[in-house]
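Morning, everyone. I'd like to take a few minutes on the empty spaces and the packed interior of one model. Please have the structure open in front of you.

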Amino acid sequence: MPRISAIGKYLDQPLLTAKINKNVPYMLTLGAAAIFTDTVKKSPKDERRKSALKIGTTLAATAISAAMAPKIASYVTGRSVSKTLSQIKKSNTEIVDEYVKNNNVGEQLQKILQKAKTKVLSLKEINKLFSNPEHSEVANKLIPPPVSVGSKDIFKEIGWLSVYGAIPVAGGIAGGVIGDKLTEKKWKDNVPNKLKEGIYQYLANIFLCNIGAGVALGVLEKMNIKSKSARCLGMLGGILLTGVIGGSIIANYIGKKIINPLVSKDNKPDTRTPELLDLSLHTDDIATISLLSGLKWIEPSLPLLYSISGYRAGIGYRNNKEKG
């Protein structure tokens with residue numbers, strides 16, 4: 001089995017994905033703790049207590065909402081919830097026991113299959129498991145091959161991703177507003193920037209990118225293009241057009257025409273321009289493309305990626321000099 005294929009199979013092991021999923025809350029906590037420590041440390045000494053309360057509330061709300069996002073998004077959209085570690089172990093045990101009972105399995109493969117019941121297989125073991133076509137049936141049951149999202153399910157999956165991304169952003173804004181209310185007399189003055197940054201993060205970095213990928217995939221489906229490389233390039237093009245280029249324009253327009261008149265005391269120009277971190281946040285678009293292409297191993301990274309957008313919304317980040 002080619003090494004690249006073996007790596008793909010290794011990453012797509014349901015047990016590995018479930019283990020990462022289980023540890024996402026801990027990773028979010030560690031990340032939040034690092035940002036909290038660094039921010040408070042950089043604050044003036046007489047402001048550290050206030051800064052700790054404000055930033056702590058924002059980070060806590062963002063991390064909690066990001067950790068809860070998968071289940072909430074699945075509930076809202078009707079998408080099935082990912083299996084737990086114990087459920088996968090039970091399923092793997094049943095698959096292996098049934099296969100071993102009904103087939104002639106050599107000692108070496110027997111050891112690999114018994115391990116696959118409850119543990120993640122190594123690259124070497126993955127290679128051995130998939131190198132024998134005779135046992136492809138059990139191999140593909142334990143580690144199902146990626147199946148691209150079809151045209152009928154494209155927008156259901158896009159809807160799930162979009163609700164998923166909205167939850168950490170909303171959580172970040174809520175946490176930021178609460179933090180300001182606890183520490184600032186004029187806390188309402190900070191609300192417009194949080195709303196505008198939230199809209200910017202959601203439209204430019206999440207929602208419109210998802211729409212672009214979905215539309216592109218739909219067009220490719222209609223054209224009966226099955227090549228995975230062509231589909232990936234097509235989705236990337238859709239993301240660039242709708243999210244990276246169009247998202248910034250639309251988000252700034254909404255901030256200027258709707259948010260400012262509703263909640264801001266003035267209506268000064270407030271144009272949020274993309275910067276390096278914003279571009280790096282489009283890593284989650286690679287996750288979108290991977291998920292639509294049937295690769296499930298990238299899914300556990302979504303809470304971590306979306307929480308960055310949530311945190312930036314929570315602090316009301318603006319890179320322009322004038323505050324709107």
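Three cavities of 30 Å³ or more sit inside this structure. Keep in mind that the model is predicted. The largest cavity comes to about 60 Å³. What lines it? Going along the chain, the lining is Gln-13, Pro-14, Leu-15, Asn-92, Ala-116, Lys-119, Leu-121, Leu-142 and Ile-143. By class, that lining splits into six nonpolar residues, two polar and one charged.

Now the pockets. How much space lies in the largest pocket? About 800 Å³. There are 27 lining residues, and those closest to the centre are Pro-14, Ser-82, Lys-83, Pro-144 and Lys-296. Pro-14 also belongs to the lining of the largest cavity. Which helices contribute to the largest pocket? Helix 2, residues 14-42, supplies at least two lining residues. So much holds for helix 4 at 85-102, helix 7 at 136-142 and helix 8 at 154-183 as well, each with at least two. As for chemistry, eleven of the lining residues are nonpolar, seven are polar and nine are charged.

On to the second largest pocket. Its volume is about 480 Å³. Here 22 residues form the lining. Nearest the centre are Asn-21, Pro-70, Lys-71, Val-81 and Ser-82. You have met Ser-82 already, among the residues closest to the centre of the largest pocket. Helix 2 and helix 8 each give at least two residues to this second lining, and so does helix 3, residues 48-77. Which helix gives the most? Helix 3, with six residues. The class count for this lining is 13 nonpolar, four polar and five charged.

That leaves the packed parts. The largest nonpolar core has 21 residues. Look at Trp-160, Tyr-164, Leu-302 and Tyr-306: these touch the most other members. Four helices each supply at least two residues of this core: helix 3, helix 8, helix 9 at 191-222 and helix 13 at 302-314. Apart from that core lies another one, of 17 residues. Its members include Ile-112, Ala-116, Leu-121 and Ala-139. Two of those names should ring a bell. Ala-116 and Leu-121 also line the largest cavity.

One last pointer for your screens. Follow helix 8: it supplies residues to the lining of the largest pocket, to the lining of the second largest pocket and to the largest nonpolar core. Helix 3 serves the second largest pocket and that core. Thanks, that's my slot.

Key:
Residues numbered from 1 in each chain as written. Predicted model: local features only at pLDDT ≥ 70, side-chain atom pairs only at ≥ 80, totals over all residues. Heavy atoms only, no water. 1 Å grid on protein atoms, 1.4 Å probe; cavity = no way out; pocket = protein on both sides within 12 Å on 5 of 7 lines; lining within 4 Å. Points joined across faces, edges and corners; volume = space filled by probe spheres on them. Nonpolar A, V, L, I, M, F, W, Y, C, P; charged D, E, K, R; others polar. Core = buried A, V, L, I, M, F, W, Y, C linked by side-chain atoms within 4.5 Å. Buried < 20%, exposed > 50% of the residue type's maximum accessible area, 1.4 Å probe, protein only.
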